[in-house]
Amino acid sequence: MIASEWLKLRSLRSTLLVLAAAVVGMIVLGAVIAYNTRNPAGLDPEDVVASGPLQGYYLGQLLMAALGVLVVSGEYSSGMIRATMAAVPRRLPVLLAKAIVFTTVVGISMIAAAVVAFLVAQAVLSGHRPTYSLSDGSTLRVVIGTGVYLTLVGLIGSSLAWIVRSTPGALVATYAVILVVPILLELVFPSWGNYIAAYLPTGAGQSFSTSLPAPHGLSPWIGLAVMLGWVLAGMSAAAVVLKRRDV
């Protein structure tokens, strides 16, 4: 089953293009951000900390959310899901195998992209202002955490795609969860919206993937646990829906 899902993942040109765009985008944006922040005077605090050059994850989360949706919804739109479920009537092994393959491929790619983006950025900054190394304090956690966060965002997209079964619908739902709802909470309910937003995927993910904690943010490991909880809840709901619905 895992071999089959791996074959599907690497045989889709759109999948490889989205993954490549995320990797290249992370690295290029890291270099550009570093170049533009060589002079620390007048910069925002988030631009001069270790996670500053990793702000390319804003683009990365959009692409990984889309990739997570596409690896599932693409089978429904093409009709391939019928053949897949006919071969594996129990269904849940399909969900598990797809999640394992996605987590492995995307996790390795995104962590590698974050590490390269960080190292390239430090090379660009060298000689202009103090730089960071992976052995400095929480820097390694932040760099690896960026790749982990992007992978988990993709898994949330996958779980919503299993539930919605539509590419546009799943994309809207995923972007609403990771982008729209946190902003609305902070704007509409400024007194307490920030506290709730900290427990949403974006707030929880930022707690372990940034060097500059938010005023109402969670601690890094609590944030990681909350983010994993979102993924587990989404996959559990997807499993229930997959078992109960016809293909």
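Student: What share of the contacts with a separation of 6 or more comes from residues 24 or more positions apart?

Tutor: Good place to start, and keep in mind that this is a predicted model. We take the contacts in the protein with a separation of 6 or more, and ask how many of them join residues 24 or more positions apart. That share is 76%.

Student: How many helices and how many strands does the protein have?

Tutor: Try reading along the sequence: the pattern is α-α-α-α-α-α-α-α-α-α-α. Every symbol there is an α. The count is eleven helices and zero strands.

Student: What radius of gyration does the protein have, and what would a compact globule have?

Tutor: Let's begin with the box that the C-alpha atoms fill, roughly 60 × 40 × 25 Å along the principal axes. For 247 residues, a compact globule would have a radius of gyration near 18 Å. The value for the protein agrees with this, at 19 Å.

Student: What percentage of the residues count as buried?

Tutor: A residue is buried when its relative accessible area is under 20%. On the outside, the protein exposes about 11,600 Å², with carbon and sulfur atoms supplying 70% of that area. Of the 247 residues, the buried part is 45%.

Student: Which helix gives the largest share of the largest nonpolar core?

Tutor: In soluble globular proteins, nonpolar side chains tend to be buried together. Here the largest nonpolar core has 56 residues, and Met64, Leu67, Trp162 and Met227 touch the most other members. Several helices each supply at least two residues of this core, among them α2 (13–36), α4, α7 and α11 (220–244). The largest share, twelve residues, comes from α6.

Student: Which residues does Met64 touch, leaving out those up to four places away in sequence?

Tutor: Met64 is one of the core residues that touch the most other members. Once we set aside residues up to four places away in sequence, its partners are Val18, Leu19, Ala22, Phe102, Val106, Met110, Leu150 and Gly154.

Student: Why is the pair of Tyr57 and Tyr58 called stacked?

Tutor: A pair of aromatic rings is described by the distance of the centres and the angle of the planes. There are four aromatic pairs in the count. The rings of Tyr57 and Tyr58 have centres 4.4 Å apart and planes at 25 degrees. Planes under 30 degrees apart count as stacked, so this pair is stacked.

Student: What kind of pair do Tyr57 and Tyr149 form?

Tutor: Their ring centres are 5.9 Å apart, and the planes make an angle of 80 degrees. Angles over 60 degrees have their own name. Tyr57 and Tyr149 are therefore edge-to-face.

Student: How many residues apart in sequence are the parts that this pair ties together?

Tutor: Look at where each ring sits: Tyr57 lies in helix α4 (residues 57–78), while Tyr149 lies in helix α7 (residues 139–164). Ring pairs link Tyr57, Tyr58 and Tyr149 into a cluster. The parts tied together by Tyr57 and Tyr149 are 92 residues apart in sequence.

Student: Is Tyr58 buried, exposed or partly exposed?

Tutor: Let's compare the cluster with the cut-offs: buried is under 20%, exposed is over 50%. Tyr57 is buried at 8%, and Tyr149 is buried at 0%. The relative accessibility of Tyr58 is 39%, so Tyr58 is partly exposed.

Student: Where is Arg91 found?

Tutor: Most residues other than glycine have a negative phi. Arg91 has a positive phi, near 75 degrees, and counts as buried at 15% relative accessibility. Arg91 is found in the loop between α5 and α6.

Student: What about Arg165: what is the value of its phi?

Tutor: Arg165 has its place in the loop between α7 and α8. Arg165 is not a glycine, yet its phi is positive. The value is about 65 degrees.

Student: How far is Arg38 from the ring centre of Tyr35?

Tutor: Here a charged side chain meets a ring. Arg38 lies over the face of Tyr35. The distance to the ring centre is 3.7 Å.

Student: Which residues does Val23 touch, not counting those up to four places away in sequence?

Tutor: Val23 is found in helix α2 and is partly exposed, with a relative accessible area of 23%. Between Val23 and Ser191 there are 37 Å, C-alpha to C-alpha. The residues that Val23 touches are Ser109, Met110 and Ala113.

Technical notes
Residues numbered from 1 in each chain as written. Heavy atoms only, no water. Phe/Tyr/Trp six-rings, centres within 6.5 Å; stacked < 30°, edge-to-face > 60°. Buried < 20%, exposed > 50% of the residue type's maximum accessible area, 1.4 Å probe, protein only. Helix = DSSP H or I, 4+ residues; strand = E, 2+ residues; numbered from the N terminus. Lys NZ or Arg CZ within 6 Å of the ring centre and 35° of its normal. Rg over C-alpha atoms; globule rule 2.2 N^0.38 Å. Contact = heavy atoms within 4.5 Å. Areas by Shrake-Rupley, 256 points an atom, 1.4 Å probe, with all protein chains shown as cover. Core = buried A, V, L, I, M, F, W, Y, C linked by side-chain atoms within 4.5 Å.
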